[in-house]
Every structure is written in structure tokens, then in C-alpha cells.
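Welcome, and please open the structure in your viewer. We will take the tour one selection at a time.

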Amino acid sequence: MNNNEILRVQTYMQNLFGCEGISVRRGAKDDSAEVYINGEFIGTMFRDDEDGEVSYAFQMAILEFDLPVMAEEE
């Protein structure tokens, strides 16, 4: 992903989620970027260019131990 794409995706995500704390940063590979909220890594963005159509896929893993305990689970 180039700098222009990263900025466009970042602006889109900030507007979509109403959160200016979202930042998108260049990833280790040319087709990916890392997504952060207030400096905390939350997931990876991948660029897909298939048949001349470009799309971006956001992948976020949520670990079970990070989830809050609900009353009925106790």
C-alpha cells in the first residue's frame, strides 16, 4: 500500500467509526498496513487487486482472555 492509499483508508476508517484515534501505518509487506487505535495495535489491513478492482480487507483477532466476563458466565 502506498502512502496515499494508507491516508485514504485511514480517513475512511476514522469517519466510519467516528474515531480520530485510528491510524494506519505501513506494514512489513507492500500489500499490507497495520491499524492502531490510540497507539495500540488492533489489526492488519490487506490490499487486494484482483481483475483491476482494488479492495481492502481489515483483519482483527480478538483473544478470548481479553473479553469481559459476563454475569451468566460466573
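Let us begin with Asp49, which you will find in strand E3. This is a predicted model, so please keep that in mind as you click around. Asp49 counts as partly exposed because its relative accessibility is 48%, and the range for that label runs between 20% and 50%. Now add Gln10 to the selection and draw a distance between the two C-alpha atoms. Asp49 and Gln10 are 39 residues apart in sequence, and in space their C-alpha atoms are 18 Å apart.

**Zoom out to the whole chain**

Switch to a cartoon view. How many helices and strands does the protein have? There is one helix, accompanied by four strands. Following the sequence, you meet them in the order α-β-β-β-β.

Next, turn the model around to see its extent. The C-alpha atoms fill a box of roughly 50 × 25 × 20 Å along the principal axes. The radius of gyration is 15 Å, whereas a compact globule of 74 residues would have one near 11 Å.

Try a surface view as well. The protein exposes about 5,900 Å², and 49% of this is supplied by carbon and sulfur atoms. Of the 74 residues, 24% count as buried. If you colour by charge, look for 5 positive and 16 negative charges; the mean positions of these two groups are 13 Å apart.

**Select the core**

Select Met1, Ile6, Val9, Met13, Ile22, Val24, Ala33, Val35, Ile42 and Met45 together: these 10 residues form the largest nonpolar core. At least two residues of this core come from each of helix H1 (3–17), strand E1 (22–26), E2 and E3. Which element gives the most to it? That is H1, with three residues. In soluble globular proteins, nonpolar side chains tend to be buried together.

Keep Met45 selected and show what surrounds it. Leaving aside residues up to four places away in sequence, Met45 touches Met1, Val9, Met13, Asp31, Ser32, Ala33, Val35, Tyr56, Ala57 and Phe58. Among these neighbours, Met1, Val9, Met13, Ala33 and Val35 are also in the core you have just selected.

**Two buried stops**

Move to Gln14, in helix H1. Is Gln14 buried or exposed? Gln14 is buried, because its relative accessible area is 18% and the label applies under 20%. Beyond residues up to four places away in sequence, Gln14 touches Cys19, Glu20 and Ile22. Ile22 is another name from the core list.

Now select Ser23, which sits in strand E1. Ser23 has a relative accessible area of 18%, so this residue too is buried. Its contacts, again not counting residues up to four places away in sequence, are Gln10, Glu34, Val35 and Tyr36. You have already visited Gln10, as the partner of Asp49 in your distance check.

**Two loops with a positive phi**

Most residues other than glycine have a negative phi. The next two stops have a positive one.

Select Asn38, in the loop between strand E2 (32–37) and strand E3 (40–50). The phi of Asn38 is near 50°, a positive value even though the residue is not glycine. Asn38 counts as exposed because its relative accessibility is 66%.

Follow E3 to its other loop, the one between E3 and strand E4 (53–59), and select Asp51. Asp51 is not a glycine either, yet has a positive phi of about 55°. With a relative accessible area of 74%, Asp51 is exposed.

**Last stop, after E4**

Finish with Val69, in the segment after E4. Val69 counts as exposed, since its relative accessibility is 57% and the label applies over 50%. Draw one more distance, this time to Leu7. Val69 and Leu7 are 62 residues apart along the chain, and 36 Å separates their C-alpha atoms.

How much of the contact between residues at least 6 apart in sequence joins residues at least 24 apart? For this protein, the figure is 18% of those contacts.

Key:
Residues numbered from 1 in each chain as written. Predicted model: local features only at pLDDT ≥ 70, side-chain atom pairs only at ≥ 80, totals over all residues. Heavy atoms only, no water. Rg over C-alpha atoms; globule rule 2.2 N^0.38 Å. Buried < 20%, exposed > 50% of the residue type's maximum accessible area, 1.4 Å probe, protein only. Contact = heavy atoms within 4.5 Å. Areas by Shrake-Rupley, 256 points an atom, 1.4 Å probe, with all protein chains shown as cover. Lys, Arg positive; Asp, Glu negative; His and termini not counted. Charge placed at Lys NZ, Arg CZ, Asp CG, Glu CD. Core = buried A, V, L, I, M, F, W, Y, C linked by side-chain atoms within 4.5 Å.
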